[in-house]
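Got the structure open in your viewer? Let's walk through it one selection at a time.

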2 protein chains.
Amino acid sequence: MSTAPVTIRDVAKAAQVSVATVSRVFNRPNLVTAALRARVQDAADRLGYLADGAARALASRRSRAIGAIVPTLDNPVFAACIDALQQRLDEHGFALLIASAGYDAARETREVRVLLERGVDGLMLVGADHPSAVWALIERRRPAVPVVVTWSGEASRSTVACIGFDNRAAARRLVDHLLQLGHRRIAMIAGPTTGNDRAMARVAGVREALSAVGIALAPPYLTERPYTVPDGHAAALVLLSLPEPPTAIVCGNDHLALGALAGVRSLGLSVPHDVSVCGFDDLDFAAYASPPLTTVRVPAAEMGRRAADCLAAAAGRTEPPATALLEAPVMLRGSTGPPPGHRATARAPAATVTRPPRRRGTLRRAGGGPTEGPSAPR
Amino acid sequence: MSTAPVTIRDVAKAAQVSVATVSRVFNRPNLVTAALRARVQDAADRLGYLADGAARALASRRSRAIGAIVPTLDNPVFAACIDALQQRLDEHGFALLIASAGYDAARETREVRVLLERGVDGLMLVGADHPSAVWALIERRRPAVPVVVTWSGEASRSTVACIGFDNRAAARRLVDHLLQLGHRRIAMIAGPTTGNDRAMARVAGVREALSAVGIALAPPYLTERPYTVPDGHAAALVLLSLPEPPTAIVCGNDHLALGALAGVRSLGLSVPHDVSVCGFDDLDFAAYASPPLTTVRVPAAEMGRRAADCLAAAAGRTEPPATALLEAPVMLRGSTGPPPGHRATARAPAATVTRPPRRRGTLRRAGGGPTEGPSAPR
DNA sequence: GCGGCGTTTGAAAGCGTTTACACAGACTGC
DNA sequence: GCAGTCTGTGTAAACGCTTTCAAACGCCGC
């Protein structure tokens, strides 16, 4: 085994053709006659030739790599998106460079810079709100990079595509459901809203639904917490110790909701008998919480796949890629029910449930457990 | 805004120096006098210069990128590892290329090839068992790439480093705990073992602990299922319908365990009163399952960080990176208890628990809920 | 048989960096 | 003052590939 790497020149020599031909065999095989193609392939296999990506990228002026920046991979909802993104990109022949920004604007800017320097042919971002430095970097970049914004209903710039869902509408539907069950004292544990249009939209949706029936949403019923289970727990305890505690708690995501669930129960209260709780994301485990969590199903994997298709198509070309608005249905489960003292509504135990009213086709009754839970990842 | 990208030559011209000096300013600043350095920096900023990663990699013969291949990102335990890996690599100035292989040998081989072609300076793999084609690719590669194997106790090759934990020992401790509670009819729902040394080691650990007290582990008490919640559910139903159903079920990971939990309860049985269940991974939600899941805490993030340090250090050099064996403690929670009909042991309800015996410092009593649950991700 | 055309191949010019290597000064020690 | 060191900077040759351009080679119809 020689110590020098095998280059395209070695292959050319072994196959007795020019380097140009070898290059063509790998990049545009149909330009080469079958006989030569076989000879070159054979030589390449024999020598164990591996093309040098850097040289290839330098010469062709495209890296066939896509960059993605998520707030964190430590939330399964983002991991699911990235997993799907990577798989689909792979099918298109693109590699994936990934970075996490930890909900930190400066860090995100740095990561964008790093990815652009690495010559990515496209960029996937989460959410529409990004520091202006991020946009400046992207716009300055030659050749232009296609950008896809996910998780949000609409892009803040016309130059980028958007593959997301309507956070506001989803939150609204969630609260409509609670209102319909008879709740009036509805509190929200929101995620941090600064620089986070998704968190903001969810608050806006809750507020909108409430104000439609003449209820205002304000502290202490509205509280903002980091997206962690313990924070959800702590926030729930505060809410339930108010003089007029809420009968329902809407959470900014499933982590907060899981914490809230635990918080409620730690006070000896029952969910949903004493307090209803709902979340946002529909993590795999939401359906297996106890009680199973009513939440909004975020189309994470689908966004990843679409973003991949979109970026692969747009890479190289200059037109901005296409946009899509996906469904984010409310999954009705056992963690929401009528408020205490409310005369029983049409809701029966999950096992024998009568179909609840469908609202715009996006309210779903979901089994709380194994029979209908989402198939879990491996 | 010009249409041609800004190159190092433009910066050199603007700063009235040679391109070599510009390059030095960015790569070995201490070789350049402060005055020039400032002038170059200034020119670069003014022009919005972004270095071309491909050219850089080609000339310097190192990409400053690391590749990682995991079975899937859709399991939070791998996502957590990758998240930590990326963050730490970032600190070292490396980018991360990621790929998932979906427990498929051919796909893994392809991904390794892709990553090597992209010129990664190092590779992180999960597990020690990989198709020989993978090793062939890696060994043929010039210059040599450092490889770190995670999740396993020892590497199958001396040329690669290993940063993992002892799956077998952890599984053994889990079963020792069950034996000590008085269980004798202990079943296992394992993950798919072919080509998966971790899954195999876990089975081996369970078998070892059992055979130490004269119990054999064999079908139907040993069953192999894909790592999904529904599979855990289905497998549990089968086990509990046996003429002699087990009093405890050990699962290959937390997904299977969560499914088993649901399966047990769907039969109207109680966990842990009628059946004990335990898992492996300690996902964030394990502590919030109901009852909270006894499981093995896998040091996913720590493996990611160590792998990053290790690879960053080894990149370029030829010596294989260092090896580490991490702790994987058993987290005792509410899903395990004495078998039915067994006279009460020293175990009291979680709240007033007397410390269980510590075995080699790796059996931990963990709070079932919020007070001690792991801080959840954002 | 020859101009014209389409197809296949080769020669060579980059792609934007890094990095020997050479070289010019500014110091040293004598 | 002058050989010998350092330091800091510039020159130019890679790095391994893609791609343009032109040449070579049929093949057709006249």
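**Stop one: DNA strand D**

Select A59(B): one of its backbone N or O atoms sits 3.4 Å from a base oxygen of DNA strand D. That is a polar contact, meaning a pair of N or O atoms within 3.5 Å; within protein, one must be able to donate a hydrogen and the other to accept it, and residues adjacent in sequence count only if both atoms are side-chain atoms.

Before moving on, some ground rules: this is a predicted model, where local features need pLDDT of at least 70 and side-chain atom pairs count only at pLDDT 80 or more, while totals for chains, interfaces and linings use all residues. Residues are numbered from 1 along each chain as its sequence is written, chains are lettered from A and ligands numbered from 1 in the order in which they are written, and side-chain values use heavy atoms, leaving out hydrogens and water.

Now pick Y49(A), where a side-chain N or O atom is 2.5 Å from a phosphate oxygen of DNA strand D. Add N27(A): a polar atom of its side chain lies 2.7 Å from a phosphate oxygen of that strand. In total 25 residues surround DNA strand D, counting those with a heavy atom within 4 Å of it. Of the strand's atoms within 4 Å of the protein, 70% belong to sugar or phosphate and the rest to bases.

**Stop two: DNA strand C**

Switch to DNA strand C, which has 26 residues around it, the closest being T21(A), R24(A), I8(B), S23(B) and N27(B). Sugar and phosphate make up 67% of the strand's atoms that come within 4 Å of the protein.

Which atoms should you zoom in on? Try I8(B), with a backbone N or O atom 2.6 Å from a phosphate oxygen of DNA strand C. Then take N27(B), whose side chain puts a polar atom 2.7 Å from a phosphate oxygen of the strand. Over on the other chain, S18(A) has a backbone N or O atom 3.1 Å from a phosphate oxygen of DNA strand C.

**Stop three: the two chains**

Finally, superpose chain A on chain B: a turn of 180° and a shift of 0.0 Å along the axis gives an RMSD of 0.0 Å (least squares on the C-alpha atoms of residues with pLDDT of at least 70 in both). The two copies are therefore related as by a two-fold rotation axis. Both use the same surface, as 97% of the contact residues of chain A recur in chain B (contact means heavy atoms within 4.5 Å).
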